[in-house]
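Here are my notes on the model you sent over. I've kept them as numbered points, so pick at whichever you like.

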Amino acid sequence: MKSRVITEEQLRDRLAEAGKSNQEIEDLIDQYAEASRQEYPDTEAIAVILQKTQEDSILRVRGFKLTKEQYDILLDYYEGEGKVLAEGQQVDANLLVQRALEEFLNLIS
Amino acid sequence: MANNKRNRWAEFIKDGGARTFFDTYPNDDELAEVINKLPDSVPVTAEQIRRDRQRFHNRPGRGEQIKEEEASPTKNVILNKATQLEVQEALVEILDNIFDNFERNTPDRLAVGIYVYPKTDAASGEILVVENSGGIEKKRIVPLIQLGFSERSARGIGAWGEGFKMAVFALGEEVEVFSTYPGQQPIAIHFPRGWLNPGHSLWTKWKVNTYEVGQNPPPEGTTIIRINHLHSEVLESLGLGKRQNGDTPDIVCRELARYFGEVYAEKYHDLAAEGYSEISIKITIGSVSEDVRFADRVKVRLIRNLSFIPWLRPIHWVAEWQTEVEEPGEEARFRTAKVCVEIYAGLAATFDDFQTYSPHPPGVEMWGNGRLFSLKGKITDKSVGWGYKFGGGGGTNPTSTASSRRLTIVALFTADDSRDIPWAAPVKNDYNRRSEFYAEIQELCAKVVRLYKNALPFLESRLLPFSHSWSRYTNQQKLDVLFAGSDATAEFKQEFATSRFGKKLLEFKPDFAFHEIAGADVESTVLRVYNISTTTVSDIVKAASETKTSAEQVIEFLEALFPNLAKQADLEEKFELAPEEELEL
């Protein structure tokens with residue numbers, strides 16, 4: 001469905017009716033205009049996404065997707081076995097012994 | 001019972017008797033009736049008579065010999081090259097000369113007819129090229145005949161030189177050229193059969209005869225090139241061979257028309273811009289014909305194909321080089337070689353829509369003076385900057401592989417002297433890696449590759465909203481693209497489509513402006529050109545890929561990719577606009 005277009009003038013009227021001061025109205029419209037000109041991606045948001053997805057990827061162990069809770073159990077398990085994983089360290093096949101991992105997964109499934 | 005019928009008509013064509021019939025019976029139906037009344041004759045149709053009249057009777061014929069010209073000193077060169085040429089490349093080479101002649105003589109319009117006649121009982125297969133580009137002037141006859149002698153014209157692409165001879169002999173064994181230049185006597189040139197056959201007595205003869213035109217001289221400004229005794233592999237390629245497993249003439253005809261329309265696209269639009277838009281090329285093979293439709297300009301096609309991401313938008317890079325080169329043929333022994341290049345480049349938005357620029361294989365497409373010359377395929381090696389090592393900490397470019405196929409680069413060269421275009425010589429079907437400007441071209445192309453190298457793995461679904469295709473998709477198609485491969489349900493997609501941000505994204509219209517760069521010396525880091533860091537580009541590409549499976553994360557990524565639309569949506573909420581309302585400043 002096509003949107004109904006509100007013009008700047010209509011918006012000003014509405015904001016004024018809502019009791020906004022002239023200055024507040026100008027500020028809001030400036031913000032909108034500035035946002036419209038923004039063509040570059042939001043690098044901060046991208047960084048956050050990457051950080052988050054990297055954390056998520058830690059939870060993927062050899063194709064098994066673990067919850068954060070399961071991952072914490074895995075950490076405990078390995079620490080209990082005398083293998084220390086640094087916080088946030090990527091868990092992969094080189095780090096984990098395949099057999100031990102399978103045993104562990106059986107344990108928690 | 002034995003079949004005693006004879007093809008009397010073919011016999012008349014062969015022994016010349018048909019001429020009297022043609023003269024006596026100007027009406028094709030009447031003549032067919034007469035022939036069919038002959039006892040024991042294989043029937044002939046009026047259509048066949050009409051074609052044969054056109055082919056054998058109305059065409060020009062040689063008259064008295066005028067003089068013998070000294071022809072090519074090294075036939076081996078022509079022979080070797082001729083045997084390597086594909087049929088379509090040979091025809092393009094002939095068309096080059098026609099376009100050049102047209103530009104030299106500038107008649108109002110240009111019509112080219114290429115007629116391919118199959119081999120029959122009466123005659124061998126032949127190609128007739130009829131064109132009205134202005135006729136060949138007497139003084140240009142020598143380059144047509146001699147090897148190592150080419151006439152050049154400003155912004156030219158060919159000029160009855162070596163390429164022409166190689167092209168015609170790539171197609172057939174005997175060549176006749178009839179031409180009438182305004183104000184001059186019609187002329188015929190004959191390269192007899194065997195002239196380029198090492199086993200023939202004529203192989204050692206260098207003379208090429210020029211004649212008067214004895215019958216049916218071409219109209220003023222018209223040239224007729226007759227290539228007779230077509231090689232069997234040429235007939236096969238044209239769908240007229242004995243084997244039935246090749247393409248049929250209608251497919252070949254269509255494919256050739258498409259090919260010429262592509263190869264001369266820029267040339268056609270350049271000429272049209274100068275007021276010469278009445279240019280037609282028609283190909284007839286046997287009884288099927290096809291008119292050439294010239295493709296759109298490179299730029300127009302690229303607009304339909306590339307992704308116009310604002311921070312990595314396609315570029316239009318213009319540079320010019322010149323250098324002194326030694327030229328033994330020139331009086332001063334040196335001349336200034338000069339070439340201008342316009343490079344259009346960017347990331348292809350899609351692989352399966354608008355295949356005007358097929359991404360297979362990846363590489364650099366090259367044009368010279370309006371004519372496509374990377375006919376052997378796009379250039380994919382180090383000569384055009386793939387795998388290029390920049391000095392200092394400049395890094396190294398990737399090599400051209402399947403994963404680089406999204407990068408589309410088209411280089412359009414122009415030069416007043418066609419020798420300065422970096423095309424192979426004498427047949428202009430490839431990039432000449434011995435060009436005077438080799439190093440400059442390599443470096444400039446390398447800079448272009450560098451600009452986009454970090455974005456090569458960017459997801460197609462994220463490039464598409466910035467492309468021309470986006471406006472052609474339905475909302476459902478757009479949603480399917482955005483959430484391709486994710487866990488988004490139909491309900492989730494619909495909900496997104498009705499959200500403020502979703503609506504804005506579905507209606508998004510990119511601008512289709514190229515980023516203009518002038519001069520070869522510009523440093524081509526993304527930071528310098530687009531004011532964005534390489535790391536940011538890599539992060540965006542990575543984040544696109546990392547988020548593709550989760551519908552929630554897809555939206556999160558899209559909001560980061562289109563912060564303007566996300567912020568606008570936010571502010572509209574703040575303004576308390578109704579859901580179906582949208583602000584327009």
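1. Let me start inside chain B. Five residues of its domain 1 are in contact with six residues of its domain 2, where contact means C-beta atoms, placed from the backbone, within 7 Å. On the domain 1 side, the most comes from helix H1 (residues 8–15) of chain B, with three residues. By class, that side has two nonpolar, one polar and two charged residues. For the classes, Ala, Val, Leu, Ile, Met, Phe, Trp, Tyr, Cys and Pro count as nonpolar, Asp, Glu, Lys and Arg as charged, and the others, Gly among them, as polar.

2. Before going further: this is a predicted model, where local features need pLDDT of at least 70, side-chain atom pairs count only at pLDDT 80 or more, and totals for chains, interfaces and linings use all residues. Residues are numbered from 1 along each chain as its sequence is written, with chains lettered from A and ligands numbered from 1 in the order in which they are written.

3. On confidence, chain B averages a pLDDT (the predictor's confidence in each residue, from 0 to 100) of 88, and 93% of the residues score at least 70. The model as a whole has ipTM 0.75 and pTM 0.83.

4. The domains of chain B are 1 (8–58), 2 (63–291), 3 (298–450) and 4 (460–514 + 523–574); the bounds come from an automatic or database domain assignment. Between domain 1 of chain B and domain 2 of chain B, the C-alpha centres are 28 Å apart.

5. Now chain A. Its elements run β-α-α-α-β-β-α-α from the N terminus, giving five helices and three strands. These are DSSP runs numbered from the N terminus: helices are H or I, at least four residues, and strands are E, at least two. Of its 109 residues, 9% are buried, that is, with 20 or more other C-beta atoms within 10 Å of their own, C-beta atoms being placed from the backbone.

6. How do the chains meet? 27 residues of chain A are in contact with 29 residues of chain B. Helices H20 (534–546), H21 (551–561) and H22 (563–574) and strand S16 (581–584) of chain B each supply at least two residues to the chain B side. H20(B) has the largest share, six residues. That side has 14 nonpolar, four polar and eleven charged residues.

7. Do look at the strands here. S1 (residues 4–7) of chain A pairs with S16(B) in the parallel sense over four bridges; pairing takes at least two DSSP bridges between two strands. Opposite A:Arg4 stands B:Glu581 in S16(B).

Note on methods:
A residue is buried if 20 or more other C-beta atoms lie within 10 Å of its own, exposed if 12 or fewer, and partly exposed in between; C-beta atoms are placed from the backbone. Two residues are in contact if their C-beta atoms, placed from the backbone, lie within 7 Å.
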